Amino acid sequence: LEPDSKPNQELIGLFNKIILLEPENLLALWVIAEQEINLNNLNSAKILLNKLLIQLPAESEEYKLVIDKLNKINR
């Protein structure tokens with residue numbers, strides 16, 4: 001996926017299945033959180049992003065990306 005492209009429904013369905021089988025899957029959490037943001041389900045997105053955040057090292061680039069995304073949602 002391109003950085004700002006939106007995944008199609010089939011791809012979202014696959015990531016939803018991954019979340020059911022592996023609730024802490026980092027990529028699935030990110031993709032589904034992005035989808036929730038696109039649907040304006042910001043509370044759901046925050047929950048998913050926070051689940052993702054607790055699994056990442058605080059000094060990692062991924063951690064910073066998640067923090068930035070949460071800050072944008074909270075504005």
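User: What makes the contact between the side chains of Lys64 and Glu61 a salt bridge?

Analyst: In this predicted model, the side chains of Lys64 and Glu61 meet at 3.5 Å, N to O. A salt bridge requires a side-chain nitrogen of Lys or Arg within 4 Å of a carboxyl oxygen of Asp or Glu, and therefore the pair Lys64 and Glu61, at 3.5 Å, is called one. Both residues lie in helix H4, three residues apart, which is about one turn of the helix.

User: Why is Glu61 called exposed, and why is Lys64 called partly exposed?

Analyst: Exposed means over 50% relative accessible area, and partly exposed covers the range between 20% and 50%. Glu61 has a relative accessibility of 54%, so Glu61 counts as exposed, whereas Lys64 has 41% and therefore counts as partly exposed.

User: How many salt bridges does a search of the whole structure find, and what makes Glu34 and Lys69 one such pair?

Analyst: The search of the whole structure finds two salt bridges. The side chains of Glu34 and Lys69 meet at 2.8 Å, N to O, and because the cut-off is 4 Å, this pair also qualifies as a salt bridge. The pair links distant parts of the chain, with Glu34 in helix H2 and Lys69 in helix H4, 35 residues apart. As for accessibility, Glu34 stands at 21%, and since buried would require a value under 20%, Glu34 counts as partly exposed.

User: How do you know that the buried residues of H4 line one face of the helix?

Analyst: The buried residues in H4 are Val66, Leu70 and Ile73. Seen down the axis of H4, these buried residues fall within an arc of 60°, so they line one face of the helix. On the other side of H4, Glu61, Leu65 and Lys72 are exposed, while the buried residues of H4 pack against H2 and H3.

User: What makes the span of H3 close to the expected one, and why are its buried residues said to line one face?

Analyst: Helix H3, residues 42-53, has 12 residues and reaches 16 Å from its first C-alpha to its last, and this is close to the 16 Å expected at 1.5 Å a residue. Its buried residues are Ala45, Leu48, Leu49, Leu52 and Leu53. Seen down the axis of H3, they fall within an arc of 140°, and therefore they line one face of the helix. Asn43 and Ile47, on the other side of H3, are exposed, and what covers the buried residues of H3 includes helix H2 (26-38) and helix H4 (61-74).

Terms used
Residues are numbered from 1 along each chain as its sequence is written. This is a predicted model: local features need pLDDT of at least 70, side-chain atom pairs count only at pLDDT 80 or more; totals for chains, interfaces and linings use all residues. Side-chain values use heavy atoms; hydrogens and water are left out. Helices (H or I, at least four residues) and strands (E, at least two) are DSSP runs, numbered from the N terminus. The expected span of a helix is 1.5 Å times one less than its number of residues. Buried means under 20% relative accessible area, exposed over 50%, partly exposed in between (1.4 Å probe, protein chains only). The arc is that of the directions from the helix axis to the C-beta atoms. Contact means heavy atoms within 4.5 Å.
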